[in-house]
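Hi,

Here is the structure I promised to pass on. Have a look at it first, and my notes follow underneath.

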Amino acid sequence: MLTKKQHELLSFISERIADTGISPSFDEMKDALDLRSKSGIHRLITALEERGFIRRLPNRARALEVLRMPEDLTRAPMGDSSKGFSPSVVQGGFQKRATPPRQSAAAPLENIPDHIQELPILGKIAAGTPIDAIQHEVDRIPAPTILMGSGEHFILEVEGDSMIEAGINDGDYAIIKRCDTASSGDIVVALVDREEATLKRLRRKGASIALEAANPAFETRIYGPDRVSVQGKLVGLMRRY
């Protein structure tokens with residue numbers, strides 16, 4: 001089952017090759033899917049390649065070949081994401097239940113239990129050296145509402161081990177409540193210089209802000225208050241074993 005963005009990218013590549021005989025550039029794909037950076041396109045292409053929908057042709061620039069299309073994907077124009085996208089539901093523990101009979105894409109997901117809420121995954125977050133700022137939605141997974149309160153929430157995949165002593169491991173899925181303020185001691189998604197996002201414990205030290213790791217191998221970084229903005233606060237974790 002492909003995600004919405006994977007569907008859109010595969011459709012765009014297929015249509016461009018059919019129209020021009022060559023695959024679109026990464027910049028064209030980024031603009032067509034309204035992504036902030038080409039790193040998101042690289043991840044989507046890798047996912048499509050791993051699932052056997054496309055392949056990269058060796059020794060040729062801008063060379064992608066569409067091997068197959070999903071049965072439920074019609075050649076809809078870009079932007080009409082209502083066609084051909086029927087997400088499956090993931091129960092707690094990340095075990096997929098049997099895929100229900102295919103229904104109209106416009107039909108509501110009535111089979112999601114009340115204690116489950118589908119949240120967007122906005123990419124990876126570094127628990128270590130900061131990485132690129134949070135991207136647009138790359139996937140969606142269900143999460144138990146018991147881990148959430150009121151407000152808007154999203155998920156980031158943790159990359160790195162600087163927060164292991166806080167029980168946050170590489171590969172964990174962090175449930176983040178979107179907010180722009182936090183108390184000293186909260187674990188937050190911090191955006192540094194409007195370019196780099198990291199998951200750290202926030203400490204206020206006078207007029208400065210410290211982003212503190214939970215691993216003695218990593219140093220605490222100190223910034224002026226105008227260099228750090230809070231994007232959200234950690235409220236829960238999900239882990240695959």
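How are α1 and α3 oriented relative to each other, roughly parallel or roughly perpendicular? Keep in mind that this is a predicted model. Helix α1 covers residues 4–20, and its axis lies 10 Å from that of α3, at a packing angle of about 85 degrees. Angles of 65 to 115 degrees count as roughly perpendicular, so that is the label for α1 and α3.

As for who touches whom, α1 brings Lys5, Gln6, Leu9 and Leu10 to the contact, while α3 brings Ile41, Leu44, Ile45, Ala47 and Leu48. Sorted by class, that contact has 7 nonpolar residues, 1 polar and 1 charged.

Next, the cavities. I get 2 of them at 30 Å³ or more, and the second largest has a volume of about 30 Å³. Its lining consists of Lys5, Leu35, Gly40, Arg43, Leu44, Glu137 and Val138. Lys5 and Leu44 will ring a bell, as both are also in the α1 and α3 contact. Helix α3, residues 38–50, is the top contributor to this lining, with 3 residues. The class split here is 3 nonpolar, 1 polar and 3 charged.

One last residue: serine 37 sits in the loop that runs between α2 (26–32) and α3. Its relative accessible area is 18%, and the cut-off for buried is under 20%, so serine 37 counts as buried. Its C-alpha is 9.4 Å from the C-alpha of phenylalanine 26, which is 11 residues away along the chain.

Cheers

Conventions: Residues numbered from 1 in each chain as written. Predicted model: local features only at pLDDT ≥ 70, side-chain atom pairs only at ≥ 80, totals over all residues. Heavy atoms only, no water. 1 Å grid on protein atoms, 1.4 Å probe; cavity = no way out; pocket = protein on both sides within 12 Å on 5 of 7 lines; lining within 4 Å. Points joined across faces, edges and corners; volume = space filled by probe spheres on them. Helix = DSSP H or I, 4+ residues; strand = E, 2+ residues; numbered from the N terminus. Nonpolar A, V, L, I, M, F, W, Y, C, P; charged D, E, K, R; others polar. Axes fitted to C-alpha atoms, helices over the stretch in contact; angles between N-to-C directions. Parallel < 35°, antiparallel > 145°, perpendicular 65-115°, else oblique. Contact = heavy atoms within 4.5 Å. Buried < 20%, exposed > 50% of the residue type's maximum accessible area, 1.4 Å probe, protein only.
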